[in-house]
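Welcome! Take a moment to look at the sequence and turn the 3D structure around before you read on.

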Amino acid sequence: MTHGFVAMGDGCRIAYRFDGPSDAPVLLLSNSLGTAMGMWAPQLPAFTRDYRVLRYDSRGHGASDAPAGGYAMDRLGRDVVELADALQLARFHFCGLSLGGMVGQWLGILEPDRLINLILANTSGYMGPPSGWDARIAAALGQGMAPLAEASVTRWFTPGFAARDRAAIRPVEAMLLATDPVGYAGCCAAIRDMDMRRTATLIDAPTLVIGGAQDPATPAAHGEALAAAIAGARLTMLDAAHLSNVEQPEAFAQAVLDHIAGG
(Lines give C-alpha, C1' and ligand atoms only; values in the text may rest on other atoms or scores of the structure.)
Protein backbone atom coordinates (compact mmCIF):
# COMPACT_ATOMS: atom_id res chain seq x y z
CA MET A 1 0.00 0.00 0.00
CA THR A 2 1.28 3.43 -1.01
CA HIS A 3 -0.51 6.69 -0.37
CA GLY A 4 0.12 10.40 -0.48
CA PHE A 5 -0.82 13.66 -2.15
CA VAL A 6 -0.13 15.18 -5.56
CA ALA A 7 -0.40 18.93 -6.14
CA MET A 8 -2.33 19.88 -9.25
CA GLY A 9 -1.37 22.74 -11.56
CA ASP A 10 -3.56 25.13 -9.59
CA GLY A 11 -2.08 24.07 -6.25
CA CYS A 12 -4.96 21.84 -5.12
CA ARG A 13 -3.66 18.69 -3.39
CA ILE A 14 -5.29 15.42 -4.41
CA ALA A 15 -5.08 12.45 -2.03
CA TYR A 16 -4.42 9.02 -3.55
CA ARG A 17 -3.75 5.45 -2.48
CA PHE A 18 -2.45 2.33 -4.22
CA ASP A 19 -3.45 -1.20 -3.17
CA GLY A 20 -2.63 -4.53 -4.76
CA PRO A 21 0.40 -5.96 -6.59
CA SER A 22 2.88 -3.27 -7.58
CA ASP A 23 3.61 -4.93 -10.94
CA ALA A 24 -0.01 -5.44 -11.99
CA PRO A 25 -2.00 -3.33 -14.48
CA VAL A 26 -3.55 -0.25 -12.90
CA LEU A 27 -7.28 0.05 -12.28
CA LEU A 28 -8.11 3.66 -11.36
CA LEU A 29 -11.32 4.24 -9.35
CA SER A 30 -13.18 7.56 -9.11
CA ASN A 31 -15.73 8.26 -6.37
CA SER A 32 -19.26 9.64 -6.46
CA LEU A 33 -20.40 13.08 -5.37
CA GLY A 34 -20.32 13.32 -1.57
CA THR A 35 -18.18 10.23 -0.92
CA ALA A 36 -14.44 9.47 -0.99
CA MET A 37 -12.11 6.66 -1.96
CA GLY A 38 -13.54 4.55 0.88
CA MET A 39 -16.69 3.95 -1.16
CA TRP A 40 -14.74 1.32 -3.10
CA ALA A 41 -13.99 -0.83 -0.04
CA PRO A 42 -16.53 -3.53 -1.09
CA GLN A 43 -14.60 -4.13 -4.34
CA LEU A 44 -11.02 -4.00 -3.04
CA PRO A 45 -10.60 -7.73 -2.27
CA ALA A 46 -11.75 -8.72 -5.76
CA PHE A 47 -9.96 -5.93 -7.63
CA THR A 48 -6.59 -6.26 -5.88
CA ARG A 49 -6.17 -9.93 -6.77
CA ASP A 50 -5.03 -9.08 -10.30
CA TYR A 51 -4.82 -5.28 -10.44
CA ARG A 52 -2.92 -2.46 -8.84
CA VAL A 53 -5.86 -0.38 -7.64
CA LEU A 54 -5.40 3.39 -7.58
CA ARG A 55 -8.04 5.29 -5.65
CA TYR A 56 -8.17 9.02 -5.13
CA ASP A 57 -10.41 11.53 -3.40
CA SER A 58 -12.01 13.79 -5.97
CA ARG A 59 -11.29 17.49 -5.56
CA GLY A 60 -13.38 18.84 -2.70
CA HIS A 61 -13.83 15.39 -1.12
CA GLY A 62 -12.14 13.21 1.47
CA ALA A 63 -8.57 14.21 2.27
CA SER A 64 -8.15 16.24 -0.94
CA ASP A 65 -8.23 20.02 -0.82
CA ALA A 66 -11.52 21.86 -1.32
CA PRO A 67 -10.83 25.15 -3.10
CA ALA A 68 -13.58 27.75 -2.93
CA GLY A 69 -15.76 28.42 -5.95
CA GLY A 70 -17.39 26.37 -8.68
CA TYR A 71 -15.38 23.61 -10.34
CA ALA A 72 -15.65 22.45 -13.95
CA MET A 73 -15.63 18.98 -15.48
CA ASP A 74 -12.49 20.01 -17.37
CA ARG A 75 -10.77 20.64 -14.04
CA LEU A 76 -11.94 17.35 -12.54
CA GLY A 77 -10.76 15.50 -15.62
CA ARG A 78 -7.41 17.28 -15.59
CA ASP A 79 -6.99 16.20 -11.97
CA VAL A 80 -6.95 12.57 -13.12
CA VAL A 81 -4.52 13.30 -15.95
CA GLU A 82 -2.15 15.24 -13.70
CA LEU A 83 -2.37 12.57 -10.99
CA ALA A 84 -1.54 9.86 -13.52
CA ASP A 85 1.34 11.91 -14.92
CA ALA A 86 2.78 12.48 -11.45
CA LEU A 87 2.55 8.75 -10.71
CA GLN A 88 4.06 7.92 -14.13
CA LEU A 89 1.02 6.04 -15.39
CA ALA A 90 0.75 6.23 -19.16
CA ARG A 91 -2.41 4.10 -19.45
CA PHE A 92 -4.89 2.55 -17.07
CA HIS A 93 -8.28 0.93 -16.71
CA PHE A 94 -10.79 3.46 -15.33
CA CYS A 95 -13.96 2.89 -13.34
CA GLY A 96 -16.04 5.80 -12.05
CA LEU A 97 -19.45 5.93 -10.42
CA SER A 98 -21.85 8.90 -10.66
CA LEU A 99 -19.56 11.97 -10.59
CA GLY A 100 -16.65 9.58 -11.20
CA GLY A 101 -18.45 8.27 -14.28
CA MET A 102 -18.78 11.82 -15.58
CA VAL A 103 -15.03 12.22 -15.19
CA GLY A 104 -14.67 8.92 -17.05
CA GLN A 105 -16.72 10.25 -19.95
CA TRP A 106 -14.50 13.35 -20.06
CA LEU A 107 -11.41 11.14 -20.22
CA GLY A 108 -12.94 9.02 -22.97
CA ILE A 109 -13.73 12.10 -25.02
CA LEU A 110 -10.60 14.21 -24.44
CA GLU A 111 -7.87 11.82 -23.26
CA PRO A 112 -8.66 8.56 -25.08
CA ASP A 113 -5.03 7.44 -25.30
CA ARG A 114 -4.88 7.11 -21.51
CA LEU A 115 -7.66 4.51 -21.31
CA ILE A 116 -7.34 0.75 -21.73
CA ASN A 117 -10.91 0.02 -20.62
CA LEU A 118 -13.65 2.31 -19.33
CA ILE A 119 -16.42 1.52 -16.85
CA LEU A 120 -19.15 4.16 -16.35
CA ALA A 121 -21.45 3.31 -13.46
CA ASN A 122 -24.69 4.98 -12.37
CA THR A 123 -23.91 8.10 -14.31
CA SER A 124 -25.20 10.39 -17.02
CA GLY A 125 -23.98 12.77 -19.69
CA TYR A 126 -26.36 15.47 -18.48
CA MET A 127 -28.16 16.04 -15.18
CA GLY A 128 -30.38 19.09 -15.46
CA PRO A 129 -31.98 21.36 -14.78
CA PRO A 130 -29.27 23.79 -13.63
CA SER A 131 -31.68 25.37 -11.15
CA GLY A 132 -31.76 22.14 -9.16
CA TRP A 133 -28.00 22.21 -8.75
CA ASP A 134 -28.08 25.88 -7.79
CA ALA A 135 -30.53 24.97 -5.04
CA ARG A 136 -28.30 22.14 -3.86
CA ILE A 137 -25.25 24.43 -3.82
CA ALA A 138 -27.18 26.95 -1.73
CA ALA A 139 -28.30 24.20 0.64
CA ALA A 140 -24.79 22.84 1.13
CA LEU A 141 -23.28 26.23 1.78
CA GLY A 142 -26.18 27.43 3.93
CA GLN A 143 -27.14 24.35 5.93
CA GLY A 144 -24.11 22.06 5.80
CA MET A 145 -24.03 18.41 4.84
CA ALA A 146 -26.40 16.83 7.39
CA PRO A 147 -29.69 17.45 5.51
CA LEU A 148 -28.07 16.53 2.18
CA ALA A 149 -26.59 13.36 3.65
CA GLU A 150 -29.98 12.17 4.88
CA ALA A 151 -31.63 12.88 1.53
CA SER A 152 -28.79 11.27 -0.42
CA VAL A 153 -28.84 8.01 1.51
CA THR A 154 -32.59 7.78 0.94
CA ARG A 155 -32.07 8.08 -2.84
CA TRP A 156 -28.90 6.01 -3.08
CA PHE A 157 -30.22 2.69 -1.72
CA THR A 158 -33.38 0.71 -2.26
CA PRO A 159 -35.68 0.56 0.80
CA GLY A 160 -35.12 -3.17 1.18
CA PHE A 161 -31.35 -2.84 1.26
CA ALA A 162 -31.52 0.11 3.65
CA ALA A 163 -33.64 -1.97 6.03
CA ARG A 164 -31.48 -5.08 6.03
CA ASP A 165 -27.90 -3.81 5.71
CA ARG A 166 -27.34 -0.68 7.77
CA ALA A 167 -23.72 -1.76 8.33
CA ALA A 168 -22.96 -1.25 4.63
CA ILE A 169 -24.65 2.16 4.61
CA ARG A 170 -23.04 3.64 7.73
CA PRO A 171 -19.62 4.24 6.08
CA VAL A 172 -21.38 6.05 3.20
CA GLU A 173 -23.25 8.25 5.66
CA ALA A 174 -19.97 9.04 7.43
CA MET A 175 -18.30 10.03 4.15
CA LEU A 176 -21.20 12.32 3.25
CA LEU A 177 -21.16 14.02 6.65
CA ALA A 178 -17.37 14.46 6.47
CA THR A 179 -17.44 16.08 3.01
CA ASP A 180 -16.51 19.76 2.98
CA PRO A 181 -19.64 21.71 1.92
CA VAL A 182 -17.40 24.02 -0.15
CA GLY A 183 -15.98 21.06 -2.07
CA TYR A 184 -19.40 19.47 -2.48
CA ALA A 185 -20.77 22.74 -3.86
CA GLY A 186 -17.80 23.08 -6.20
CA CYS A 187 -18.47 19.65 -7.71
CA CYS A 188 -22.21 20.38 -7.92
CA ALA A 189 -21.30 23.33 -10.14
CA ALA A 190 -19.30 21.03 -12.41
CA ILE A 191 -22.28 18.69 -12.79
CA ARG A 192 -24.65 21.62 -13.31
CA ASP A 193 -22.61 22.99 -16.19
CA MET A 194 -21.76 19.78 -18.05
CA ASP A 195 -23.48 18.33 -21.10
CA MET A 196 -21.66 15.42 -22.76
CA ARG A 197 -24.66 13.80 -24.41
CA ARG A 198 -23.44 14.52 -27.94
CA THR A 199 -19.69 14.31 -27.38
CA ALA A 200 -20.03 10.87 -25.74
CA THR A 201 -20.21 9.50 -29.30
CA LEU A 202 -16.47 10.27 -29.55
CA ILE A 203 -15.59 7.68 -26.89
CA ASP A 204 -13.88 4.71 -28.49
CA ALA A 205 -12.38 2.91 -25.48
CA PRO A 206 -13.95 -0.48 -24.75
CA THR A 207 -16.77 0.68 -22.48
CA LEU A 208 -19.07 -0.97 -19.98
CA VAL A 209 -22.02 1.03 -18.67
CA ILE A 210 -23.45 -0.18 -15.35
CA GLY A 211 -26.87 1.05 -14.29
CA GLY A 212 -29.19 0.55 -11.36
CA ALA A 213 -32.65 -0.69 -12.27
CA GLN A 214 -34.04 1.20 -9.24
CA ASP A 215 -31.78 4.26 -9.40
CA PRO A 216 -33.74 7.52 -8.99
CA ALA A 217 -30.62 9.73 -9.20
CA THR A 218 -29.38 8.52 -12.61
CA PRO A 219 -32.31 6.40 -13.83
CA ALA A 220 -31.89 3.34 -15.98
CA ALA A 221 -32.79 5.38 -19.06
CA HIS A 222 -29.66 7.49 -18.53
CA GLY A 223 -27.44 4.43 -18.62
CA GLU A 224 -29.27 3.09 -21.67
CA ALA A 225 -28.79 6.38 -23.51
CA LEU A 226 -25.12 6.50 -22.62
CA ALA A 227 -24.52 2.94 -23.79
CA ALA A 228 -26.38 3.68 -27.03
CA ALA A 229 -24.22 6.75 -27.69
CA ILE A 230 -20.87 4.91 -27.32
CA ALA A 231 -20.02 2.57 -30.18
CA GLY A 232 -19.69 -1.01 -28.98
CA ALA A 233 -20.54 -0.21 -25.36
CA ARG A 234 -22.02 -2.95 -23.24
CA LEU A 235 -24.78 -2.32 -20.70
CA THR A 236 -25.24 -4.19 -17.43
CA MET A 237 -28.25 -3.35 -15.27
CA LEU A 238 -28.04 -4.33 -11.61
CA ASP A 239 -30.91 -4.66 -9.15
CA ALA A 240 -29.86 -1.63 -7.12
CA ALA A 241 -30.37 2.07 -6.65
CA HIS A 242 -27.59 4.66 -7.09
CA LEU A 243 -24.60 3.19 -5.24
CA SER A 244 -24.80 -0.12 -7.06
CA ASN A 245 -21.27 -1.07 -6.00
CA VAL A 246 -22.37 -1.00 -2.33
CA GLU A 247 -25.78 -2.59 -2.82
CA GLN A 248 -24.59 -5.32 -5.22
CA PRO A 249 -20.85 -5.56 -4.41
CA GLU A 250 -20.14 -9.00 -5.86
CA ALA A 251 -22.15 -8.49 -9.06
CA PHE A 252 -20.56 -5.05 -9.58
CA ALA A 253 -17.03 -6.38 -9.12
CA GLN A 254 -17.67 -9.33 -11.44
CA ALA A 255 -19.09 -7.08 -14.16
CA VAL A 256 -16.03 -4.84 -14.02
CA LEU A 257 -13.55 -7.73 -14.01
CA ASP A 258 -15.32 -9.52 -16.85
CA HIS A 259 -15.27 -6.36 -18.94
CA ILE A 260 -11.58 -5.73 -18.35
CA ALA A 261 -10.71 -9.35 -19.10
CA GLY A 262 -12.70 -9.25 -22.33
CA GLY A 263 -11.76 -5.72 -23.42
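The report below walks through strands, a helix, ring contacts and cysteines.

## Before we start

This is a predicted model, in which local features need pLDDT of at least 70 and side-chain atom pairs count only at pLDDT 80 or more, while totals for chains, interfaces and linings use all residues. Residues are numbered from 1 along each chain as its sequence is written, and side-chain values use heavy atoms, with hydrogens and water left out.

Two terms will come up often. Helices (H or I, at least four residues) and strands (E, at least two) are DSSP runs, numbered from the N terminus. A residue is buried under 20% relative accessible area, exposed over 50%, and partly exposed in between (1.4 Å probe, protein chains only).

## Strand S4 and its partners

Let us begin with strand S4, which covers residues 52-56. Is S4 enclosed or open? Because 5 of its 5 residues are buried, S4 is largely enclosed by the rest of the structure. Both of its faces are covered: Arg52, Leu54 and Tyr56 are buried on one side, and Val53 and Arg55 are buried on the other.

S4 pairs with two strands that you can find in the model, where pairing requires that DSSP finds at least two bridges between the strands. Strand S2 (residues 13-19) runs antiparallel to S4 and is joined to it by 4 bridges; here Tyr16 stands opposite Tyr56. Strand S3 (residues 26-30) pairs with S4 in the parallel sense, over 5 bridges, and Leu28 has Leu54 as its bridge partner.

Just before moving on, look at the loop between H1 and S4, where Arg49 is found. Arg49 is exposed, with a relative accessible area of 59%. Its C-alpha atom is separated by 7.7 Å from that of Pro21, although the two residues are 28 apart along the chain.

## Helix H11

Next comes helix H11, made of 14 residues (249-262). The expected span of a helix is 1.5 Å times one less than its number of residues, so H11 should span 20 Å; its end C-alpha atoms are 20 Å apart, which agrees. Among the buried residues of H11 are Pro249, Phe252, Val256 and Ile260.

## Rings and charges

How many aromatic pairs does a search of the whole structure find? It finds 3, counting rings of Phe, Tyr and Trp (its six-membered ring) whose centres lie within 6.5 Å, with planes under 30 degrees apart called stacked, over 60 edge-to-face and the rest tilted. One of them joins Tyr16 and Phe18 edge-to-face, at 6.0 Å centre to centre and 75° between the planes. Both Tyr16 and Phe18 are buried.

Trp40 and Phe252 form a tilted pair, at 6.0 Å centre to centre with 45° between the planes. This pair links distant parts of the chain, 212 residues apart: Trp40 is in the loop between S3 and helix H1 (44-47), and Phe252 is in helix H11. Trp40 and Phe252 are both buried.

Charges can sit over rings too, if NZ of Lys or CZ of Arg is within 6 Å of the ring centre and within 35 degrees of the ring normal. Arg13 lies over the face of Phe5, 4.3 Å from the ring centre, and Arg59 lies over the face of Tyr71, at 5.8 Å.

## Cysteines

The structure holds 0 disulfides, a disulfide being a pair of cysteine sulfur atoms within 2.5 Å. Why is Cys95 not bonded? The closest cysteine sulfur, in Cys187, is 17 Å from the sulfur of Cys95, too far for a bond. For Cys188 the closest cysteine sulfur is also in Cys187, at 7.5 Å, again too far for a bond. Cys95 is buried at 0% relative accessibility, and Cys188 is buried at 0% as well.
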